[in-house]
Amino acid sequence: MESNFNIFNIIIAAGIIHGFIFSLTITINKNLKSITNVFLALTILSLALSNLQYWFIDTNIIPRYYYEENKILYIPFEFLIVPFFYFFTVSFIKRKINKKQVAYILSPFAISIIYVVFRNWISNEKLFIKWLNIVVEYISIIFSVVLIIIIFITLRNYEKKQRKNQVSIKTKWLKNSLIIGIILCLLWALSFNLFENILNTGYYKYYPLWIGMSLLLYWIGYTAIIQNHLYVQRLEIRGKTKNTLDNKVSIKINKELPIDSFNKIEKLIKNNKLYLNPNLNVPKIAREINLSNGYISQLINQHSNLNFNDYVNKFRVEEAKKMLADNDYKNYTIHAIGLEVGFNSKSSFYAAFKKHSQMTPTQYRKNVRNS
């Protein structure tokens, strides 16, 4: 039988090789060793192995009947991809994984292995086996969707609990990835229904799914490493600035204090470092000092010629400049410093810094180091 190679399964092969290299790298690299990264590596490895099995059949390197006749043991790695991703997510947000969870979530994989080994003992009728395989495929899809929803709920509960925490792991990107995962599961279902009638030969119908899953998980892999590194750096920065940055917004202002001027409002924000709170807004200040939102905004605009956001960002930028010029923070990323001084994202930090300093944080750090 002739081999079947095309541009799509060549791209898939490149993704498989990348998956093996990625998994091996984060497993053996001393700087990346953690239980979180182990689960990430297992997620990527399961995907690579799953794609590899189908790739062998698609390219005719191993004839399809070898799998259908159980001459080569087919391993349903699709029952491992989302479970390992669940364990990765739980570990990523610093939650404990108990043994019962592991047993429950991995049980479908164990059952599917038993089915694959003994399915020909159930019946020798190929049509019956074919329909049984479809049922197992649907179970796999439903199981993946349910687990993705559980992961989403887990992340949402984590975010609710972390609202008062000054340093928390960013999870919005992970929730967005789960939405894409649901879409890919829908594509998975379509692959052997609608697409079966359109592309009824070979594995062409699975190409969008395989490539989409690979891109999604590899993007998650790299983003997770970056986000975890960022989280660790923020904790270290918080430790270095403990004497000045603790209790950022927990200080309660005396509501009887007659704050009726711009200078007093500015002193309030600066002395208590309220600007370090990324969620600081006019209503928060108004509630503390019993002044109307409009009056506070009017005072700030009138005396600083800035709107509230730009006014607060001015203090954040000044705080960032101190860190960027301090050798104690030379090993920390600009992104981590930006988040620590009160910005919600790297892009907002860069935009505000350039607006108030006429240069980027990178240029500023370079200039102060060379001066």
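Student: Which helix has the lowest mean pLDDT, and which the highest?
Tutor: In this predicted model, where local features need pLDDT of at least 70, side-chain atom pairs count only at pLDDT 80 or more, and totals for chains, interfaces and linings use all residues, helix α10 (residues 242-245) has the lowest mean pLDDT among the elements, 48, and helix α16 (residues 346-357) has the highest, 94. Here pLDDT is the predictor's confidence in each residue, from 0 to 100, and helices are DSSP runs of H or I with at least four residues, numbered from the N terminus. Residues are numbered from 1 along each chain as its sequence is written, and side-chain values use heavy atoms, leaving out hydrogens and water.

Student: Where is the pLDDT below 50?
Tutor: That applies over residues 243-259, a stretch that has 31 contacts in the model beyond near neighbours in sequence, a contact being heavy atoms within 4.5 Å. Where pLDDT is low, the predicted coordinates should not be read in detail.

Student: New topic: how many salt bridges are there?
Tutor: A search of the whole structure finds six, each being a side-chain nitrogen of Lys or Arg within 4 Å of a carboxyl oxygen of Asp or Glu. One of them joins the side chains of Glu340 and Arg238, at 2.7 Å from N to O.

Student: Which helices hold Glu340 and Arg238?
Tutor: Glu340 lies in helix α15 (residues 334-340) and Arg238 in helix α9 (residues 207-240), so that the pair, 102 residues apart, links distant parts of the chain.

Student: And what residues of α11 meet α14?
Tutor: Phe262, Glu266, Ile269 and Lys270 in α11 meet Tyr311, Lys314 and Phe315 in α14.

Technical notes: Helices (H or I, at least four residues) and strands (E, at least two) are DSSP runs, numbered from the N terminus.
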